[in-house]
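User: I'm new to reading protein structures, and I'd like to know where the labels come from. Can we go through a few of them together?

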Amino acid sequence: MPSRGAGPVWAEREKKIAKFVWQLIPEDERPVEEESGMSKALAGFPIVGLLMQLANAEGGLDGGSLRFSEFARRILDNVDEKFYNSVEALRSTRGQEITFSTITYCLWTSAYGAGIMPRQEVMDTCRRLSISRDLEYEMAMYEDARDSLVRRNMQMGVQEQQATLKDQVELAVDCLARLLQLKQGTDIPEGMQPHIATIVQECYPSATASMVDEAIQTAAIRTARQRKAASQSSETIAAAAEDALES
């Protein structure tokens, strides 16, 4: 494995990892995003510093998650062109509900929902978005639900997101599958697999290609198990209604 700073490609990867702060990786593997001298100087002035805090890109009760707009901006500014090509390929296959915004919403909810929210709940918001296309409503509902769980965790003394990079990658795959209106417990079609892999890999540059591929290949088993758990809860009626929609 090359050392840090061992060439322009590695340097570009380090830069992307530094900006993609949602990745759950060990602190000693996380590059630090450089803050400009101007920003540091401005932050030193009391009034300007306060305004900068108010405009901070971070949101949520935990203070560590990025707001959707900032998350989307970092994706937009840093991913490779192949990310957009994959979005367009999925859009041509599945329809108008597949856009940069809806794809990014799935990545955002899975990045900050893993280890905090029930997996089924995160997948369901992506599924609803594919039908309603009401991004603002789903975003508000997601943030309220997540903040409620973060508040509960804080009361229990749990301060950190209880998940791993692998958990995030798997949930991202599952959420994208739900946005694509694939039924839980079914394999992801071969034609979609490389595009989902590209999107997830670009969002999680620290994840290996094998980790992403495994998440895609095991999606059917994972989501079928999740579906069964949901059917045994109070969500039985909602699940049955969704089956009717998908049939």
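**Where the labels come from**

Analyst: Sure. Let's start with Asp-147, which sits in helix H8 (residues 135-155). Keep in mind that this is a predicted model.

User: Why is Asp-147 called partly exposed?

Analyst: Look at its relative accessible area, which is 22%. Buried means under 20% and exposed means over 50%. The value for Asp-147 falls between those cut-offs, so the label is partly exposed. While we're here, Asp-147 and Met-117 are 30 residues apart in sequence, and their C-alpha atoms are 9.8 Å apart in space.

User: What makes Glu-170 buried?

Analyst: Glu-170 has a relative accessible area of 12%. That is under the 20% cut-off, so Glu-170 counts as buried. You'll find this residue in helix H9 (residues 165-179). Leaving out residues up to four places away in sequence, Glu-170 touches Arg-119, Ala-215 and Arg-222.

User: How much of the whole protein is buried?

Analyst: Buried residues come to 43% of the 247 residues. The protein's secondary structure consists of 13 helices and 2 strands.

User: How do you know that H5 is roughly perpendicular to H6?

Analyst: Check the angle: helix H5 (residues 81-94) and helix H6 (residues 100-113) pack at about 110°, with their axes 10 Å apart. Angles from 65 to 115 degrees count as roughly perpendicular, so that is the label for H5 and H6. On the H5 side, Phe-83, Tyr-84, Val-87 and Leu-90 meet Phe-100, Ile-103 and Leu-107 in H6. By class, this contact has 7 nonpolar, no polar and no charged residues.

User: What makes Tyr-84 nonpolar in that count?

Analyst: It comes down to the list being used: Tyr counts as nonpolar there, and so do Phe, Val, Leu and Ile.

User: And what about H7 and H9: at what angle do they cross?

Analyst: The axes of helix H7 (residues 119-132) and H9 cross at roughly 30° and come within 8 Å. Angles under 35 degrees count as roughly parallel, so this pair gets that label. The crossing is right-handed. Among the residues making the contact are Arg-119, Met-123 and Arg-127 of H7, along with Asp-167, Glu-170 and Asp-174 of H9. The contact's residues divide into 6 nonpolar, 1 polar and 6 charged.

User: Which residue of H7's contact is also touched by Glu-170?

Analyst: That's Arg-119, one of the residues Glu-170 touches, and Arg-119 belongs to the H7 side of the contact.

Conventions: Residues are numbered from 1 along each chain as its sequence is written. This is a predicted model: local features need pLDDT of at least 70, side-chain atom pairs count only at pLDDT 80 or more; totals for chains, interfaces and linings use all residues. Side-chain values use heavy atoms; hydrogens and water are left out. Helices (H or I, at least four residues) and strands (E, at least two) are DSSP runs, numbered from the N terminus. Buried means under 20% relative accessible area, exposed over 50%, partly exposed in between (1.4 Å probe, protein chains only). Contact means heavy atoms within 4.5 Å. Axes are lines fitted to C-alpha atoms, for helices over the stretch in contact, and angles run from 0 to 180 degrees between N-to-C directions. Angles under 35 degrees count as roughly parallel, over 145 as roughly antiparallel, 65 to 115 as roughly perpendicular and the rest as oblique. A crossing is left-handed if the near helix is turned anticlockwise from the far one by less than a right angle, and right-handed if clockwise.
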